[in-house]
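I opened the notebook to look this chain up from the whole down to its parts. The entries below follow the order in which I looked.

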Amino acid sequence: MIIRLGFVSIALAIFNNTPSSTFTYKLFSQRPREEALQRAIAIGRKNLEATQRILFYNAAHGIRLFRLSSSLIPLATHPDVQIDVAGEYEKELKKLGDFAKAHDIRLSMHPNQFTLLNGSDSVVAAAIQDLRYHAAILDGMGLDESAIINIHVGGVYGDKAAATERLFSKIPEVPDHIMRRLTFENDDKTYTLEETLAVSQKLQRPFMLDLHHDWCNPSEATPQELLPQIVKTWGEVPMKIHISSPKSPKDTKEFRSHADYIEPEQLVAFLKSCKEAGLDRVDVMIEAKMKDLSLFQLAEQLGKIRGIKRIDGGILEW
């Protein structure tokens with residue numbers, strides 16, 4: 001079984017290279033509109049250049065999994081700005097996508113917690129607009145359906161069952177080119193693994209297991225027990241999971257927060273189940289404060305386990 005490790009948004013080992021430079025609407029509104037628009041577009045181009053450097057770095061260090069920043073193009077979805085991402089950055093996105101495909105780097109995106117498909121009509125409309133932006137980036141790169149957009153089920157609004165039904169009723173409003181990329185992740189407070197898995201199964205979309213969230217908000221059944229059902233939701237696409245470690249012990253306020261690095265024991269237990277189930281590959285997205293540095297530490301730790309061989313910077317075989 002191949003285990004591929006990835007990290008989120010920024011490589012700390014690259015000096016002064018952020019893909020998330022910002023340009024606030026307050027600053028935008030203080031300039032003549034055309035000047036402000038060109039400034040926003042230029043910052044977006046700078047962020048894409050920073051992303052290209054990260055992909056170079058990943059390819060050189062044997063990292064084949066990476067989550068793009070959602071803040072690549074500032075103000076792209078603001079109702080008073082509206083940047084045409086696909087048209088404005090056609091060449092840059094194609095270059096990024098071509099490089100990722102040539103080096104077998106699986107890319108993904110994860111909109112923020114306000115992208116809710118089970119809220120009010122206005123909330124859902126804003127969420128779909130945000131999802132259009134994310135899809136425009138991945139589509140512009142020419143990536144296949146393994147490049148996913150991961151979201152949560154949404155809010156509870158005082159009635160979890162009704163909120164779930166609200167999601168199902170609003171899903172038909174999501175364009176097909178977005179739906180083919182959507183995955184649903186269990187969260188750390190409300191929708192458990194089992195509840196989110198049921199949503200994924202009904203919508204016939206992959207389920208994104210977050211192990212840390214399951215520790216915070218556990219289901220009656222364990223991830224290992226539900227593994228066959230989880231794998232089935234991915235179809236022909238390799239399963240991807242999220243891993244982070246709590247910043248503080250259980251029953252403390254920072255248990256839900258991400259630590260700097262990963263404690264590997266819980267991950268190893270789950271990966272052992274994946275190997276016993278006969279999986280060919282598992283992609284593991286690391287959500288740790290130390291980003292790429294935490295990836296290298298985890299890869300080293302896993303590579304010291306009997307039976308696991310590190311075959312590249314972020315790739316192991318078990």
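**Entry 1: the whole chain.** The radius of gyration is taken over C-alpha atoms, and the globule rule I used is 2.2 Å times the number of residues to the power 0.38. The model is predicted. For 318 residues the rule puts a compact globule near 20 Å; I read 19 Å for the chain, so the two agree. I then took the box along the principal axes, and the C-alpha atoms fill roughly 60 × 50 × 40 Å.

I looked up burial next: 54% of the 318 residues count as buried. Among contacts with a separation of 6 or more, 77% are between residues 24 or more positions apart. For secondary structure I noted 12 helices and 10 strands in the chain.

**Entry 2: helix 4.** I checked the length of helix 4, residues 90–102. Its 13 residues at 1.5 Å a residue should span 18 Å, and the end C-alpha atoms are 18 Å apart, so the length agrees.

Which residues of helix 4 are buried? I listed Leu-93, Leu-96, Gly-97, Phe-99 and Ala-100. They lie on the same side of helix 4, because they cover an arc of only 160 degrees around the axis. On the other side I found Glu-90, Lys-91, Lys-95 and Ala-102 exposed.

I then asked what covers the buried residues of helix 4. The cover includes helix 2 (33–60), helix 3 (85–88), strand 3 (106–108) and helix 5 (121–140). Just after helix 4, I noted that Asp-104 takes a positive phi of about 55 degrees.

**Entry 3: His-134.** Helix 5 came up as part of that cover, and I picked one residue in helix 5, His-134. Is His-134 buried or exposed? The cut-off for buried is under 20% relative accessible area. His-134 has a relative accessible area of 1%, so I entered His-134 as buried. Setting aside neighbours within four places in sequence, I found His-134 in contact with Ser-70, Met-109, Pro-111 and Ile-149.

**Entry 4: strand 4 to strand 5.** I moved to strand 4, residues 149–152, which runs parallel to strand 5 and is joined to strand 5 by four bridges. Opposite His-152 I found Glu-185 of strand 5.

Strand 5 covers residues 182–185. I looked at where its side chains point: Leu-182 and Phe-184 go one way, Thr-183 and Glu-185 the other, and all are buried.

**Entry 5: strand 5 to strand 6.** How many bridges join strand 5 to strand 6? I counted two, and the strands run parallel. Strand 6 is residues 207–210. Phe-184 stands opposite Phe-207 in strand 6, and Glu-185 stands opposite Met-208. I traced the path between these strands through helix 8 (residues 193–203) and entered strand 5, helix 8 and strand 6 as a right-handed β-α-β unit.

I checked both faces of strand 6, and both are covered. Phe-207 and Leu-209 are buried on one side, Met-208 and Asp-210 on the other.

**Entry 6: strand 6 to strand 7.** The last pairing I looked up joins strand 6 to strand 7, residues 239–243, by two bridges, again with the strands parallel. Which residue of strand 7 is the bridge partner of Asp-210? I entered His-242.

Note on methods
Residues are numbered from 1 along each chain as its sequence is written. This is a predicted model: local features need pLDDT of at least 70, side-chain atom pairs count only at pLDDT 80 or more; totals for chains, interfaces and linings use all residues. Side-chain values use heavy atoms; hydrogens and water are left out. The expected span of a helix is 1.5 Å times one less than its number of residues. Buried means under 20% relative accessible area, exposed over 50%, partly exposed in between (1.4 Å probe, protein chains only). The arc is that of the directions from the helix axis to the C-beta atoms. Contact means heavy atoms within 4.5 Å. Two strands pair if DSSP finds at least two bridges between them. A crossover is right-handed if, with the strands pointing away from the viewer, the path from the first strand over the helix to the second runs clockwise.
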